[in-house]
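Dear colleague,

I am passing on the structure we spoke about, and below it you will find what came out of looking through it. Please read the notes with the model open beside them.

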Amino acid sequence: MKSLFMAAGLAAAALLNLGNAYAETPVAKAEKPVHGEYRDWRVLGVSHRTEKNTLRAIVGNDKAIEAGRAGKINPWPDGAIIGKIVWKERPHPNWPSAIVPGEFAKAEAMIKDSKKFPETGGWGFGHWEGDKLVMNTKEQSAECFACHTAVKDADYVFTIPALP
C-alpha cells in the first residue's frame with residue numbers, strides 16, 4: 001500500500017512539472033531607449049511662443065526633474081535631458097479667449113553632456129522622429145546654440161522649472 005501511495009505521489013508530481021513546462025512564459029519587457037519615450041516624462045515647465053504661435057510642454061527625464069525640484073539647474077547636471085513638445089496654438093472651440101494646443105508641430109531635445117558637447121555649452125540638440133531621438137547636425141546645433149547664448153547665465157536654458 002505504501003508503494004501505491006508513493007507511485008501516485010510521483011505521478012502527481014510529474015504531471016505538475018509537465019504542466020509547468022508548458023505554462024506560458026512571461027515575455028521580458030523591452031528596455032526603454034535611453035533618450036526615447038519622452039511621452040512618459042514629467043512636465044518641467046510650459047511656454048507660449050507668441051512670435052511662433054506655438055505652445056510647448058517642456059518635459060524632463062528623471063535627472064532633469066530631480067535637478068529642477070532641487071533647484072540645481074545652474075548648471076544642469078550631465079545626463080539631464082529636456083524635451084520640448086511643440087503644438088501650433090489655436091483658440092478653444094468653446095472658450096475663445098483660451099489658447100490650447102492645436103496641430104502637433106515637433107518634439108525637440110537638449111541633452112546635457114559637458115564632455116561630449118563642449119562647443120555648445122555642454123548641450124547637445126536633437127529632435128524626435130517617432131520614438132527615436134535624432135541628434136542635430138553640427139550646423140543645426142550651432143543655430144540652436146546661437147539662440148541659447150541669450151541665456152548663458154542660466155546654463156543656456158530658457159525653461160524656468162515650474163515644479164511643486
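**Salt bridges and the largest pocket**

In this predicted model, Asp 131 forms a salt bridge with Arg 39, their closest N and O atoms lying 2.4 Å apart. Because Asp 131 sits in the loop between β5 and β6 and Arg 39 in the loop between α1 and β1, the pair ties together parts that are 92 residues apart in sequence. Asp 131 is partly exposed, at 41% relative accessible area, while Arg 39 counts as exposed at 51%.

The whole structure holds 6 salt bridges. Another of them pairs Glu 108 with Arg 56, with the closest N and O atoms 3.2 Å apart; since Glu 108 belongs to strand β4 and Arg 56 to strand β2, this pair ties together parts 52 residues apart in sequence. Glu 108 is buried, with a relative accessible area of 18%, and Arg 56 is also buried, at 9%. Salt bridges with shared partners join Arg 56, Lys 106 and Glu 108 into one network.

Arg 56 and Glu 108 reappear at the largest pocket, where they are among the lining residues that lie nearest its centre, together with Arg 49, Lys 84 and His 148. This pocket encloses about 720 Å³ of space, and its lining comprises 11 nonpolar, 7 polar and 7 charged residues, with α3 giving the most, 5 residues. His 148, which is placed in helix α3, is buried at 8% relative accessible area, and its contacts beyond four places in sequence include Lys 84, Met 110 and Phe 125.

With best wishes

Notes: Residues numbered from 1 in each chain as written. Predicted model: local features only at pLDDT ≥ 70, side-chain atom pairs only at ≥ 80, totals over all residues. Heavy atoms only, no water. 1 Å grid on protein atoms, 1.4 Å probe; cavity = no way out; pocket = protein on both sides within 12 Å on 5 of 7 lines; lining within 4 Å. Points joined across faces, edges and corners; volume = space filled by probe spheres on them. Helix = DSSP H or I, 4+ residues; strand = E, 2+ residues; numbered from the N terminus. Nonpolar A, V, L, I, M, F, W, Y, C, P; charged D, E, K, R; others polar. Buried < 20%, exposed > 50% of the residue type's maximum accessible area, 1.4 Å probe, protein only. Contact = heavy atoms within 4.5 Å. Salt bridge = Lys/Arg side-chain N within 4 Å of Asp/Glu carboxyl O.
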